[in-house]
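User: I'd like to learn how to read helix packing, nonpolar cores and cysteines in a structure. Could you walk me through them?

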Amino acid sequence: METPGSQSSLHRANLERAIRAVRMAGALTQAEIARTTGLSAATVSNIVRELKDGGIVEVTPTSAGGRRARSVSLSGSAGIVVGVDFGHSHLRVAIGNLAHKVLVEDSEPIDVDASAAQGLDHAEALVGRLLARAGSSPEKIIGVGLGVPGPIDVETGVLGSTAILPGWSGTNPRDDLAARLGVPVHVDNDANLGALGELVWGAGQGVADLAYIKVASGVGAGLVIGGRVYRGPGGTAGEIGHITLDESGPVCRCGNRGCLETFTAARYVLPLLTPSHGPELTMPRVVSLARDGDPGCRRVIGDIGRYIGSGVANLTNLLNPSRVVLGGDLADAGDLVLDPIRDSVSRYAIPSAASRLSVVPGTLGGRAEVLGALALVLGEMGDAPLLRPLDEPVPAGA
């Protein structure tokens, strides 16, 4: 019987600490595991040997600082995680292993007016097809990360009012999808997942404090403070789109006037170009035309950048992040939108904070949210079922 404070209990805690460090990083050398966990080099060496013999980790030769080292990652056979991202008109699913490798992913269009049940039907079916393509089975799934474009109550999993997927308001997609797939599901909004995706795989790597700004049908920010997503007690932190810029401005969907969203989101901005460019214009097309030199589209992109910069300046004054990552379709505009953002930050933010801030485009594009969903479940799933009970023998060949 394992008792608290016993040698076996301490040993298991050390095993779990090492596994957690490797899982969050994807791969670490033994020296990095020791620094991250505070365990001695000798303890780490013994733990890695035990986990390797048990089939939990894989060890491959590498180099660090010009010296030979051994890279430790979780075994590809230890289980898989699934990321599901719902957008305004798309569903994207990715399947990855515990070594941070994406095995397969795909997307398909969905009807924005569909109900939550219909959307989850599509998700369940697409997960099944991708499992088959990956040569895996539902029994290998350890957990699922789910992204939705709206405010989520982090405790109950209930989706608040959303104008982007109106048929989903008041539903509990976390519990509904968990019941369908029979595994734990962790849910968050799309901006938070975009921040996680860029933090783990993209433009936010190596940064502990950042904001991910997504401008699409709405405007949101995912906030990372001290290396962790900050959601606030009600899960609504980062609603940058509802900063008031003009109290006599357009009425926002939230009921206020002149919110940042009313000057930057696609449904407010595209009508400005309809008389000159026609009613079929999309934001990706505006970005493309702006890059090709279209003066009207360049003006609109520049104005959007200045308005976003005002919101970023507020964030900079409050939270002092070291990096802002711009996601969504606007990121493809490059310096056409980034330079106006930087100009506004320089004008409105505290100089000491602005001087330490870099504003960069996201590198993951439309994949940021679904990869963030994978990162979410990797961070939230806990350590079971990777470790067997201490009195359970390891099967031969495991």
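Analyst: We'll go through helix packing, then the cores, then the cysteines. Keep in mind that this is a predicted model.

User: Let's start with helices. How do H1 and H3 pack, and at what angle?

Analyst: The general idea is to look at the angle between two helix axes, where 65 to 115 degrees counts as roughly perpendicular. Here helix H1 (residues 7–25) and helix H3 (residues 41–53) pack at about 80°, with their axes 10 Å apart. H1 and H3 are therefore roughly perpendicular to each other.

User: Which residues in H1 and H3 meet?

Analyst: On the H1 side you'll find His11, Asn14, Leu15, Ala18 and Ile19, and they meet Thr43, Ile47, Glu50 and Leu51 in H3. Sorted by class, the contact of H1 with H3 has five nonpolar, three polar and one charged residues.

User: Now the core. Which residues of the largest nonpolar core touch the most other members?

Analyst: A nonpolar core is a set of buried nonpolar residues joined through side-chain atoms within 4.5 Å. The largest one here has 43 residues, and those touching the most other members are Ile33, Leu51, Val57, Val72, Leu74, Leu196 and Leu210. Helices and strands both feed this core: among the elements supplying at least two residues each are H1, H3, strand S2 (57–64) and helix H6 (190–201). H14 gives the most, with nine residues. There's also a second, separate core of 40 residues, including Val219, Leu223, Ile308 and Val312.

User: Take Ile33 as an example. Is Ile33 buried or exposed?

Analyst: Ile33 counts as buried because its relative accessibility is 1%, and the cut-off for buried is under 20%. Ile33 has its place in helix H2. Leaving out residues up to four places away in sequence, Ile33 touches Ala18, Val22, Leu28, Gly38, Val44, Val48 and Val72.

User: And Leu196, what is in contact with it beyond its neighbours in sequence?

Analyst: Setting aside neighbours within four places in sequence, Leu196 is in contact with Val229, Gly372, Ala375 and Leu376.

User: Last one, cysteines. How many disulfides does the structure hold?

Analyst: To call a disulfide, check whether two cysteine sulfur atoms lie within 2.5 Å. The structure holds zero disulfides. For Cys252, the nearest cysteine sulfur is that of Cys254, 3.8 Å away.

User: Why is Cys254 not bonded to Cys259?

Analyst: The Cys254 sulfur is 3.7 Å from the closest cysteine sulfur, in Cys259, and that's too far for a bond. As for accessibility, Cys252 counts as buried at 4%, while Cys254 is partly exposed, with a relative accessible area of 38%.

Conventions. Residues are numbered from 1 along each chain as its sequence is written. This is a predicted model: local features need pLDDT of at least 70, side-chain atom pairs count only at pLDDT 80 or more; totals for chains, interfaces and linings use all residues. Side-chain values use heavy atoms; hydrogens and water are left out. Axes are lines fitted to C-alpha atoms, for helices over the stretch in contact, and angles run from 0 to 180 degrees between N-to-C directions. Helices (H or I, at least four residues) and strands (E, at least two) are DSSP runs, numbered from the N terminus. Angles under 35 degrees count as roughly parallel, over 145 as roughly antiparallel, 65 to 115 as roughly perpendicular and the rest as oblique. Contact means heavy atoms within 4.5 Å. Ala, Val, Leu, Ile, Met, Phe, Trp, Tyr, Cys and Pro count as nonpolar, Asp, Glu, Lys and Arg as charged, and the others, Gly among them, as polar. Buried means under 20% relative accessible area, exposed over 50%, partly exposed in between (1.4 Å probe, protein chains only).
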